[in-house]
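User: Hi! I'm new to this one and would love a friendly walk through it. Could you put it up so we can look together?

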Amino acid sequence: MKQSVITGSLGSLGDRFILEGYKDDIPFVEKVRQLADIDGLSGVEVSNFGIEGNAKETAKILSDNGLACSCVNVNIACRRIYGRGALANADAKIRRQAIDECKAAADYAQELGADVINVWPGQDGYDYALCCDYGKLYNDFLESTVEIADHNPDIKVALEFKPREPRNRSLVDNAGTALLMALESGRKNVGVCVDVGHVLYNNANMANAVELCGSRGKLFHMHTNDCLGTWDDDMIVGSVRFIEYIELCYVLRKIGYAGWCSVDIFPSRENAIESARESIAYMRLFDSLVDRIGIAQLEECIRRGDAAYVQRVIREKVFG
């Protein structure tokens with residue numbers, strides 16, 4: 001399992017209540033230096049803005065710390081210009097800017113040795129009824145995605161779905177919508193990023209979403225975290241879910257996923273590096289439990305479909 005951490009999630013982390021952030025930001029080079037000390041971490045997911053936008057400097061920082069670039073996260077959701085949409089903005093000029101930024105991110109990713117960009121279109125959606133043409137919104141987004149994919153066919157474009165926030169209703173709202181777009185694009189390099197927190201607060205199942213996309217060759221990237229199920233809490237991996245994470249790791253093996261699992265947490269009040277460390281450790285633990293329980297035993301659980309039997313297997317194999 002290749003594991004990385006999104007550097008952008010380890011900053012000052014403001015929200016709508018504390019706009020200035022809960023803590024001082026950490027310089028990118030210091031983030032990387034501290035992350036490199038985490039066992040099991042081999043890469044970082046970077047953003048195409050700020051110091052991280054300088055490919056040569058970023059590549060040197062990563063190389064000096066023995067880390068790879070797992071993915072480039074495109075920043076088209078957290079700036080005022082895209083407040084009414086990015087890849088599906090009704091204003092063609094703004095839509096063009098978002099497309100061009102995604103193209104630049106693809107080139108930037110290639111310079112860093114990554115083969116995927118992550119596109120989270122958080123501002124592409126709607127808030128009120130009778131305020132948008134749903135068909136046009138969808139088609140504009142799809143056309144933008146195809147243009148980005150065609151710009152550099154060697155770079156994968158992973159669409160990250162989310163039910164809501166910051167828009168009340170996101171256009172790319174669940175695994176099914178993202179997968180449909182990937183398939184309708186007709187491009188081999190358009191796929192899906194499954195953020196497990198976005199699955200959970202959509203009241204869905206992580207492993208099911210992963211298999212849905214992965215079995216069709218469209219699972220390009222993963223974001224790992226945890227949540228209570230009613231919001232995108234971005235908590236430390238393993239702080240809420242347990243058996244579901246074992247199931248997720250089993251399915252990742254089943255579909256032969258060879259991509260990255262990138263920690264995407266929001267440790268506003270917690271120590272960011274230690275939160276990332278624990279997330280990586282728990283992912284390694286859950287993956288090791290697949291071996292402890294055994295593939296054959298897990299498959300027997302699935303074959304039987306007996307919840308009590310599953311609980312007994314987990315209790316005996318995990319807790320002794």
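Analyst: Happy to. One term before we start: buried means under 20% relative accessible area, exposed means over 50%, and partly exposed is in between (1.4 Å probe, protein chains only). Helices (H or I, at least four residues) and strands (E, at least two) are DSSP runs, numbered from the N terminus. This is a predicted model, where local features need pLDDT of at least 70, side-chain atom pairs count only at pLDDT 80 or more, and totals for chains, interfaces and linings use all residues. Residues are numbered from 1 along each chain as its sequence is written, and side-chain values use heavy atoms, with hydrogens and water left out.

User: Great. Why is strand β3 described as largely enclosed?

Analyst: Strand β3 (residues 68–74) has 6 of its 7 residues buried, so the rest of the structure largely encloses it.

User: Which strands does β3 pair with?

Analyst: Two strands pair if DSSP finds at least two bridges between them. Strand β2 (residues 41–47) pairs with β3 in the parallel sense over 5 bridges, and Val 44 has Cys 69 in β3 as its bridge partner. With strand β4 (residues 116–119), β3 shares 3 bridges, again running parallel. There, Val 74 has Val 119 as its bridge partner.

User: And what do β3, helix α3 and β4 make?

Analyst: A right-handed β-α-β unit, with helix α3 spanning residues 92–112. Right-handed means that, with the strands pointing away from the viewer, the path from the first strand over the helix to the second runs clockwise.

User: Let's move along to β9. Is it buried or exposed?

Analyst: Mostly covered: 6 of the 6 residues in strand β9 (residues 219–224) are buried. Strand β8 (residues 190–195) runs parallel to β9 and is joined to it by 4 bridges, with Val 192 opposite Leu 219. β9 also pairs in the parallel sense with strand β10 (residues 260–263), over 3 bridges. In that pairing, His 223 has Ser 262 in β10 as its bridge partner. From β9 the chain passes through helix α8 (residues 243–254) to β10 in a right-handed β-α-β crossover.

User: Which residues touch the most other members in the largest nonpolar core?

Analyst: Ile 117, Val 194 and Met 222, out of 92 residues in that core. A nonpolar core is a set of buried Ala, Val, Leu, Ile, Met, Phe, Trp, Tyr and Cys residues joined through side-chain atoms within 4.5 Å. Leaving aside neighbours within four places in sequence, the contacts of Val 194 include Phe 161, Leu 219 and Met 222; contact means heavy atoms within 4.5 Å. There is also a second, separate core of 5 residues, with Cys 71, Val 116, Ala 158 and Phe 220 among them.

User: Phe 220 again: what sits over its ring?

Analyst: The charged end of Lys 156, 5.2 Å from the ring centre. Similarly, Arg 304 lies over the face of Tyr 309, at 3.9 Å from the ring centre. The rule is that NZ of Lys or CZ of Arg must be within 6 Å of the ring centre and within 35 degrees of the ring normal.

User: Nice. How many aromatic pairs are there?

Analyst: The count is 6. Rings of Phe, Tyr and Trp (its six-membered ring) pair if their centres lie within 6.5 Å; planes under 30 degrees apart count as stacked, over 60 as edge-to-face and the rest as tilted. One of the pairs is Tyr 201 with Trp 231, which is tilted, at 5.7 Å centre to centre and 50° between the planes. Those two are 30 residues apart: Tyr 201 is in the loop between α6 (196–200) and α7 (206–214), and Trp 231 in the loop between β9 and α8. Tyr 201 is buried at 10% relative accessibility, while Trp 231 is partly exposed at 35%.

User: Last topic: where is the cis peptide bond?

Analyst: From Glu 165 to Pro 166, with omega near 5°. Pro 166 lies in the loop between β6 (156–160) and β7 (169–170).

User: And which value is positive in Leu 13?

Analyst: Phi, near 55°, in a residue other than glycine. Leu 13 is in the loop between β1 and α1, and counts as buried at 7% relative accessibility. Asp 234 has a positive phi too, near 50°, and is located in the loop between β9 and α8.
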